[in-house]
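I opened my notebook today to look up rings, helices and surfaces. Come along and read over my shoulder.

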Amino acid sequence: MFDFGKLLGWIKDGLFEPAAIWDTYKAEGHSWKTTATQFSLPLIVACALLALILGWLFADSYLLGSAGGFNGFIGTLIMSLLWFGIGGWIASFLAAKFGGAGSFDQAWSALTFASIPGLIGNVFGTLPWFGGLLSLAGAIWSLVLLWQALPKFLDVPAERAVGHFFATLGLSLVALIVVGTILGALGLGMAGSSSDDRIADIRRDIEERSSSRSIDASQPSSSTGRANDNDGSMFGFGRELDYLEAAENDRYSPPADGKLTEDQIEKAVHYLAVAQRLRDDSQSNLEKLSGDNNEPSFGDLFKGVKGLVGAGTAEMQSVKSAGGNWKEHQWVKKQLFEARLHQDLNATTTHNYELYMNYETQLKDWL
């Protein structure tokens with residue numbers, strides 16, 4: 001039977017006395033189904049409904065972080081449940097690999113408690129003007145709680161908690177992106193489209209505000225200019241966002257015969273080498289963080305998250321920072337891969353395989 005008083009108590013203690021309520025909740029040994037029906041789902045639905053209502057009330061106001069109406073409501077429900085399910089399974093699976101206890105029940109509990117400020121932040125995100133900042137604060141708070149809750153619920157040793165946290169976060173984000181893409185392909189991506197529109201509106205507004213403060217307001221904006229503005233205004237991820245946007249806008253029409261040129265392969269080798277250096281830098285930073293005996297600060301955690309984002313977009317950043325065409329680069333890699341497999345299947349693979357062999361040492365580990 002649903003206990004509304006318990007739900008309020010879990011939310012209150014989860015925000016203001018998290019360590020104590022975590023110990024109590026863990027000791028009670030709730031199954032993931034119990035946590036889902038008595039805690040997770042009511043919390044998600046309540047926050048999504050409040051965001052929906054406030055979003056309608058402030059529909060005519062300037063919203064920085066609007067909930068997106070009914071699409072936002074459905075999107076919150078779907079993505080939250082996916083996060084608990086996928087993230088919980090990954091956290092549980094990895095906990096056993098990092099010396100902890102592989103318990104899906106406890107992992108679901110950890111993610112639920114950690115999500116409280118983030119979901120509440122989504123509600124405040126519907127408020128005019130300062131909504132976006134409050135939503136961001138909730139997301140940051142949730143990230144801190146997740147960092148603290150995972151080792152508590154899953155008994156991950158302190159010296160391995162950093163590796164477990166980043167592995168869980170990184171793999172979960174990748175999994176959610178893949179699942180979101182599949183849902184979009186199946187026609188279930190309505191919420192995502194409205195979210196993209198809101199992000200575009202926010203980015204456009206930030207750029208306009210930055211331009212209005214510029215000494216030379218008449219100077220036309222450029223891709224480089226946007227990157228500089230966003231690096232300051234988009235919480236440190238402006239460069240990655242600009243490269244992703246630029247790559248999405250790339251177009252390329254491959255030659256009818258499918259044959260590569262040596263110049264294309266030379267560029268591909270260069271892009272892949274640069275991308276590997278970016279990934280190595282991220283890995284090096286994570287190893288330094290994992291080897292530190294002191295508990296990392298949130299600044300350290302944010303650097304780690306930024307490193308994961310950087311590693312995940314390393315190849316795209318490599319191509320776009322050099323003025324390359326992302327669609328062409330993808331096509332070149334596909335042609336090289338097929339040539340390596342089929343070699344002399346036809347005139348195209350024969351030609352491309354001969355070129356591939358000239359760069360086999362550099363390419364064999366990257367295709």
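Which residues do ring pairs link into a cluster? I looked this up in what is a predicted model, and found Trp10, Trp22, Tyr25, Phe39, Phe113 and Phe153 linked by ring pairs.

**Entry: aromatic pairs**

I searched the whole structure for aromatic pairs and got 16. I picked phenylalanine 39 and phenylalanine 113 to look at: their ring centres are 4.9 Å apart and their planes meet at 80°. Planes over 60 degrees apart count as edge-to-face, so that is the label this pair gets. I then asked where the two partners sit, and noted that this pair links distant parts of the chain. Phenylalanine 39 belongs to helix H3 (residues 32–57) and phenylalanine 113 to helix H5, 74 residues apart.

Are these two rings buried or exposed? Buried means under 20% relative accessible area. Phenylalanine 39 comes out at 0%, so I wrote down "buried". Phenylalanine 113 has 1% relative accessibility, so it is buried too.

My next pair was tryptophan 89 with phenylalanine 93, which is stacked, with 5.3 Å from centre to centre and 5° between the planes. Both residues lie in helix H4 (residues 69–97), and because they are four residues apart, about one helical turn separates them. I checked their cover as well. Tryptophan 89 is exposed at 51% relative accessible area, while phenylalanine 93, at 41%, is partly exposed.

**Entry: helix H5**

I went back to H5, which runs over residues 104–124. How far apart are its end C-alpha atoms? At 1.5 Å a residue, I expected its 21 residues to span 30 Å, and the end C-alpha atoms are indeed 30 Å apart, so the two values agree. I also looked for a bend and found one of about 40° at serine 115. A proline, proline 117, follows within four residues of that bend. As for cover, 16 of the 21 residues of H5 are buried, so I noted the helix as mostly covered.

**Entry: a nonpolar patch**

Last, I looked at phenylalanine 124, which lies in H5. With 40% relative accessibility, phenylalanine 124 counts as partly exposed. Which residues make a nonpolar surface patch with Phe124? I listed Trp129, Phe130, Leu133 and Leu134 as its partners, and the patch covers about 560 Å².

How values were computed:
Residues are numbered from 1 along each chain as its sequence is written. This is a predicted model: local features need pLDDT of at least 70, side-chain atom pairs count only at pLDDT 80 or more; totals for chains, interfaces and linings use all residues. Side-chain values use heavy atoms; hydrogens and water are left out. Patches are made of residues with over 30% relative accessible area and no salt bridge: like charges are joined within 9 Å, nonpolar side chains (Val, Leu, Ile, Met, Phe, Trp, Tyr) within 5 Å. Accessible areas come from the Shrake-Rupley method with a 1.4 Å probe; for residues, only the protein chains shown count as cover. A salt bridge is a side-chain nitrogen of Lys or Arg within 4 Å of a carboxyl oxygen of Asp or Glu. Helices (H or I, at least four residues) and strands (E, at least two) are DSSP runs, numbered from the N terminus. Buried means under 20% relative accessible area, exposed over 50%, partly exposed in between (1.4 Å probe, protein chains only). The expected span of a helix is 1.5 Å times one less than its number of residues. The bend at a residue is the angle between axes fitted to the seven residues ending there and the seven starting there. Rings of Phe, Tyr and Trp (its six-membered ring) pair if their centres lie within 6.5 Å; planes under 30 degrees apart count as stacked, over 60 as edge-to-face and the rest as tilted.
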